[in-house]
Amino acid sequence: MRIIKLDAIDSTNTFLKGISSEGTLSDYTVVVAKNQTDGRGQMGTVWNSEASKSLTFSVLKDVSFLQSNQQFYISIVTALALIKTLKTFHIEKLSIKWPNDILSANEKISGVLIENVIKHSTLTSSIIGVGLNVNQRSFDGLPKASSMSILRGRAFDLDEILQTFLKHLKFYFLLLEQGEKNVLRKEYESLLFRKNKPSTFKGIEGDLFSGFIRGVSLSGKLIVELEDEIKREYDLKEITLLY
């Protein structure tokens, strides 16, 4: 495994994507930055973190064993690896806010941005970007953010956490390669934030509605049960959970 450490970069995903396009990189090549100046999240959101206080890194993974319609399993594997890592360091009340934000209680502790490479309609590789709040203690303008240090009252070693995550990521990807998709999806669904609880959502037109999260489809869409026991599937751009 090759780990590239940088003092500062705009985005570890962008950097890793650039060097991977210039030549062949080994599986699980990692780029980690002390300071990421233009970190990105899902749907164009920005990931902000204090320099040297948290983990901002990207992992290159060969996913050529997956069909292009199975991309969501990369999100499942990544989310489960993060949960397992946080449990190792005794972070409690963990859940996954669909598709792959990691919460402790109601506070966000980690975010993920996955960018897949598809060539000739074939899924070839994935760049998995992770932002994990570790030792940062202040989150101006982000009232629902927290960190491992805040939750446990102590500082953590960033390298130890990174190595622990990579170990769990490899474990879950091995399960995926072995075809254990149902096992992975069930574990993921068991950790879904607000599953089976009455929740309020905002639709693509700004309309508000209530429903119950019941799980995810094979393609990773959120399954919500509406009135009269009608179940609908929603893509990431189509629905926002408002709590």
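Which residues have the most contacts inside the largest nonpolar core? In this predicted model, they are Leu55, Phe57, Ile102, Leu132, Met148, Phe173 and Tyr188. The core they belong to has 60 residues. Helix H2, which covers residues 72-88, supplies the largest share of this core, with 11 residues. A second core, separate from that one, is made up of nine residues, among them Leu6, Ala33, Leu60 and Ile127. As a bit of background, nonpolar side chains in soluble globular proteins tend to be buried together.

Phe57 is a handy place to look around inside the big core, as it is one of the residues with the most contacts there. Leaving aside residues up to four places away in sequence, Phe57 touches Thr12, then Val30, Val31 and Val32, then Ile128, Gly129 and Val130, and finally Leu162 and Phe165.

Helix H2 also holds Ser75. Is Ser75 buried or exposed? Ser75 has a relative accessible area of 9%, and because anything under 20% counts as buried, Ser75 is buried. Not counting residues up to four places away in sequence, Ser75 is in touch with Asn100 and Ile114.

Glu177 gives another view, this time from helix H4, which spans residues 158-177. With 46% relative accessibility, Glu177 counts as partly exposed. Lys61 and Phe65 are the residues that Glu177 touches, once those up to four places away in sequence are set aside. Glu177 can also be compared with Glu225, which is 48 residues away along the chain. The C-alpha atoms of Glu177 and Glu225 are separated by 31 Å.

The backbone has a few quirks worth a look. The peptide bond running from Trp98 to Pro99 is cis, and its omega is near 5 degrees. Pro99 itself sits in the loop that links strand S6 (94-97) to strand S7 (101-104).

Two histidines stand out for their phi angles. His90 has a positive phi of about 65 degrees, even though it is not a glycine. Where along the chain is His90 found? His90 lies in the loop between H2 and S6. His90 counts as exposed, because its relative accessibility is 53% and the cut-off for exposed is over 50%. His120 is not a glycine either, yet it has a positive phi of about 55 degrees. The loop that contains His120 runs between strand S8 (107-119) and strand S9 (122-132). His120 is exposed too, with a relative accessible area of 79%.

Further along comes an open sheet. How many strands form this sheet, and in what order? There are five, arranged as S13-S12-S11-S10-S14, and the pairing is antiparallel. Strands S13 (231-234) and S14 (239-241) stand at the edges; each has a single partner strand, so one side of each is left without a neighbour in the sheet. On average, neighbouring strands of this sheet are turned by 50 degrees against each other, with direction ignored. For edge strand S14, the pairing with strand S10 (residues 198-203) is antiparallel and runs over three bridges. Within this pairing, Lys202 has Thr240 in S14 as its bridge partner.

Definitions and conventions. Residues numbered from 1 in each chain as written. Predicted model: local features only at pLDDT ≥ 70, side-chain atom pairs only at ≥ 80, totals over all residues. Heavy atoms only, no water. Core = buried A, V, L, I, M, F, W, Y, C linked by side-chain atoms within 4.5 Å. Buried < 20%, exposed > 50% of the residue type's maximum accessible area, 1.4 Å probe, protein only. Helix = DSSP H or I, 4+ residues; strand = E, 2+ residues; numbered from the N terminus. Contact = heavy atoms within 4.5 Å. Pairing = 2+ DSSP bridges. Axes fitted to C-alpha atoms, helices over the stretch in contact; angles between N-to-C directions.
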